[in-house]
Amino acid sequence: MARASDRIPENVDGELFVDSSCIDCDLCRQLAPATFSRTDRRAQSYVAHQPAGEGELHRALMALVTCPTSSIGTTRKLDTKAAARSLPEAIADDVYFCGWAAESSYGAASWLIRRPGGNVLVDSPRAAGTLLDRLDELGGVRLMFLTHRDDVADHAKFRERFGCERIIHRADAVGDTRHAERIVEGDAPIALADDLVIVPVPGHTRGSCVLVYRDTYAFTGDHVWATDDGTGLEAGRGVCWYSWPEQKRSMEKLATHRFTHVLPGHGRRFHASADAMRDELRRLARAM
Ligand code: SF4
């Protein structure tokens, strides 16, 4: 629960605020850019503009329920039910942003793919009751793909609720993910189904993997994401826990796969034509 006594000084006056527990996951700024901005003083979000109208308030409340640390508060009780039920949010016909981020995954984004062969949950959101019910309404979860060891959060609760098969690379199957139903191995691409390919991308962690769906969407975990200005792609040496040279090689390998959208765990989404995506991945690999 956000505390008004801890509201950070940059918040503009009004009923919505961010407190000092913010971990700078960026999700509120992605969900409600009209309301939230990032402070220059330190890496945290703040309310730069109070929501103007119902539409902006709805987006701000989606951010409130998504915030992994409950750092967004209101000075009076607001009804968040409609905002909570609007997650997962469709970003394309069959691909959804889940919201409901978990603090144990440091606020990583997770994704739902709705497909005839069975829905896929990519990485673990917080297992909130409203989200579990919404996932049920959207057809449940057949597979839970874990891109790497850091963003697994409440995976066991999703397994318990949906009976989904959890998939993770052996090198990242640590702790309770060692009990995942399917452990993949090696560095070669793995066809999970006609429309799903696992691309192992060691670097950020030894067992990091990208999931490519319909040659269109790449769920990249913490391997690669968009630059802040949205004009290109970047990776983070400061958050590379295994091997930067390996991550560079993995970037070159990923460039041989066709897709048009990067949907990361941390960081911004990126969209480009397949050719432009390949060129951008190659440019990034050279820069690394
Ligand atoms: S969603 Fe929460 S933790 Fe993430 S940047 Fe916003 S206020 Fe901070």
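In this predicted model, Phe145 is positioned opposite Ile167 of strand S10. The two residues belong to a stretch of pairing in which S9 and S10 run parallel and share 3 bridges. On its other flank, strand S9 (residues 143-145) is joined to strand S8 (residues 120-122), again in parallel and through 3 bridges. Within that second pairing, Val122 has Phe145 of S9 as its bridge partner. Phe145 is thus matched with Val122 and with Ile167.

These strands are part of an open sheet of 7 strands, in which the order is S5-S6-S7-S8-S9-S10-S11 and the pairing is mixed. Strand S5 (89-90) and strand S11 (182-184) form the edges, each of them pairing on one side only. Helix H5 (residues 155-162) lies across S8, S9 and strand S10 (165-169), and runs at about 150° to S10. Strand S10 itself is mostly covered, with 5 of its 5 residues buried. The burial extends to both of its faces: Glu165, Ile167 and His169 are buried on one side, and Arg166 and Ile168 on the other.

Strand S14 (residues 209-213) shows a comparable listing: 5 of its 5 residues are buried, and the strand is therefore largely enclosed by the rest of the structure. Cys209, Leu211 and Tyr213 make up one buried side of S14, and Val210 and Val212 make up the other. Two antiparallel pairings involve this strand. Strand S13 (residues 196-200) pairs with S14 over 5 bridges, and strand S15 (residues 217-221) pairs with S14 over 3 bridges. Val212 takes part in both pairings, as the bridge partner of Val197 and as the residue opposite Ala218 in S15. S14 and S15 form a hairpin with 3 residues between them, and Arg214 in the turn has a positive phi of about 50°.

The largest nonpolar core comprises 66 residues, and those with the most contacts inside it are Phe36, Ile72, Phe158, Leu211 and Phe219. Helix H2 (residues 53-66) gives the most to this core, contributing 7 residues. The core lies between domain 1 (4-84) and domain 2 (88-287), because both domains give residues to it. Another core, of 23 residues, lies apart from the largest one and includes Ala218, Val224, Leu281 and Leu284. When neighbours within four places in sequence are left aside, Phe219 is in contact with Val95, Trp111, Ile113, Val122, Thr147, Cys209, Val210, Leu211, Tyr213 and Leu263. Of the residues already described, Val122 of the S8-S9 pairing and Leu211 of S14 are among these contacts of Phe219.

Charged side chains form a further set of links. Side chains of opposite charge can pair when their charged atoms come close. The count of salt bridges in the model comes to 28. One of them joins the side chains of Arg41 and Glu10, with an N to O distance of 2.6 Å. Arg41 lies in the loop between strand S2 (36-38) and strand S3 (45-47), whereas Glu10 is in the segment before strand S1 (16-18), so the pair ties together parts that are 31 residues apart in sequence. Arg41 is partly exposed, at 47% relative accessibility, and Glu10 is also partly exposed, at 24%.

A salt bridge between Arg134 and Glu137 has an N to O distance of 2.7 Å. Both residues lie in helix H4 (residues 129-137), 3 residues apart, or about one turn of the helix. Arg134 is buried, with a relative accessible area of 13%, while Glu137 is partly exposed, with a relative accessible area of 46%. In the salt bridge formed by Lys81 and Asp79, the closest N and O atoms are 4.0 Å apart. Lys81 is exposed, at 60% relative accessible area, and Asp79 likewise counts as exposed, at 55%. Finally, Asp24, Asp26, Arg29, Arg38 and Arg268 are linked in a network of salt bridges.

Methods
Residues numbered from 1 in each chain as written. Predicted model: local features only at pLDDT ≥ 70, side-chain atom pairs only at ≥ 80, totals over all residues. Heavy atoms only, no water. Core = buried A, V, L, I, M, F, W, Y, C linked by side-chain atoms within 4.5 Å. Buried < 20%, exposed > 50% of the residue type's maximum accessible area, 1.4 Å probe, protein only. Helix = DSSP H or I, 4+ residues; strand = E, 2+ residues; numbered from the N terminus. Domains from an automatic or database assignment. Contact = heavy atoms within 4.5 Å. Pairing = 2+ DSSP bridges. Axes fitted to C-alpha atoms, helices over the stretch in contact; angles between N-to-C directions.
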